[in-house]
Amino acid sequence: MTAEIIDGLKIRKEILEELKKEVEQYKAKYNSVPGLSTILVGNNPASLSYVSLKIKTARELGFYEVQENLPEDIKEDELLSVIDKYNKDEKIHGILVQLPLPKHISEERIVNAIDYKKDVDGIHPINFGKLLADSDDFFFSPCTPLGIKELILRSKVKTQGAEVVVVGRSNIVGKPIAVIMSQKGIDSTVTLVHSKTENMASHIKRADILIVAAGVPHLIKPEQIKKGATVIDVGVNRVGINKETGKAILKGDVDFEEAKKIAGKITPVPGGVGPMTIIMLMRNTINSAKNHIKAK
């Protein structure tokens, strides 16, 4: 029996239509639209592609969108001045600085400089702290973990009491999704494993829900997966170039073709988690706009 494919593109489309209605309602009520500033330093091809998709989606939703393309050799203080400008701009509700940044710029200093109430990427320490505390205050969660949560819930995966194993402990995916899956309302029991975990396979084999964000192609083999488990593959690893199309060949952290023979539900790569990250960024921006109105 082959696993049910969790179609990230389909779920993204559903959420996109929901967000379009929210923007229309916001515009009708407040005679304005959510505002997003995207800041790109340098010409990293992957970053350029990713920012272009964000801008395209923001425009599709009818956002007020401002793009800053800055030179690779920009000084750190100059970049901080750009961020400060958008921190003070009342038409901007979300600020996104595309990472990674050039080596001469401190990513920590830049992230910390963003007004946490406009940090729609959900990576500011204050937002991370509020996530960890499961705060009643308004805050942003990181976009990829939010996307994973949506994939799981909209695919009607049972989470209450489920054994969740997260592979990878990054601040962007591994740690926050471990927190989210343990929160009230989700109510899973979470184990987070990493490169220094002893006997990792024994932990993985217990997982009712396996979330893999290690950045290692085909790290997870089918024999490690519990029969009927839900497998969420966050990995997007470029392993070569398709000579006919010129596009990158992508593989996940899970051996998809073999794993789908064991799993109950599984995300593909591409087309699984990837499409969800940007749409969650847009939802965070809309929520930020609503919060700014309430705060006035």
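In strand E3, Glu68 is the bridge partner of Ile39, and Gln67 stands opposite Thr38. The structure is a predicted model, in which local features need pLDDT of at least 70, side-chain atom pairs count only at pLDDT 80 or more, and totals for chains, interfaces and linings use all residues. Residues are numbered from 1 along each chain as its sequence is written, and side-chain values use heavy atoms, with hydrogens and water left out.

Strand E2 (residues 35–41) runs parallel to E3, and 7 bridges join the two. Strands (E, at least two residues) and helices (H or I, at least four) are DSSP runs numbered from the N terminus; two strands pair if DSSP finds at least two bridges between them. An open sheet of 3 strands results, with parallel pairing and the order E3-E2-E4. Strands E3 (64–70) and E4 (94–97) stand at the edges with a single partner strand each, so one side of each lacks a neighbour in the sheet.

Helix H2 (residues 45–60) packs on the sheet and touches E2, E3 and E4, contact meaning heavy atoms within 4.5 Å. The direction of H2 makes about 165° with that of E2; axes are lines fitted to C-alpha atoms, for helices over the stretch in contact, and angles run from 0 to 180 degrees between N-to-C directions.

Elsewhere, the axes of helix H6 (residues 143–154) and helix H10 (residues 274–295) come within 8 Å and cross at roughly 105°. H6 is therefore roughly perpendicular to H10, a term for angles of 65 to 115 degrees. Residues in the contact include Leu146 and Leu151 of H6 and Met280 and Leu281 of H10.

Note on methods. Parallel < 35°, antiparallel > 145°, perpendicular 65-115°, else oblique.
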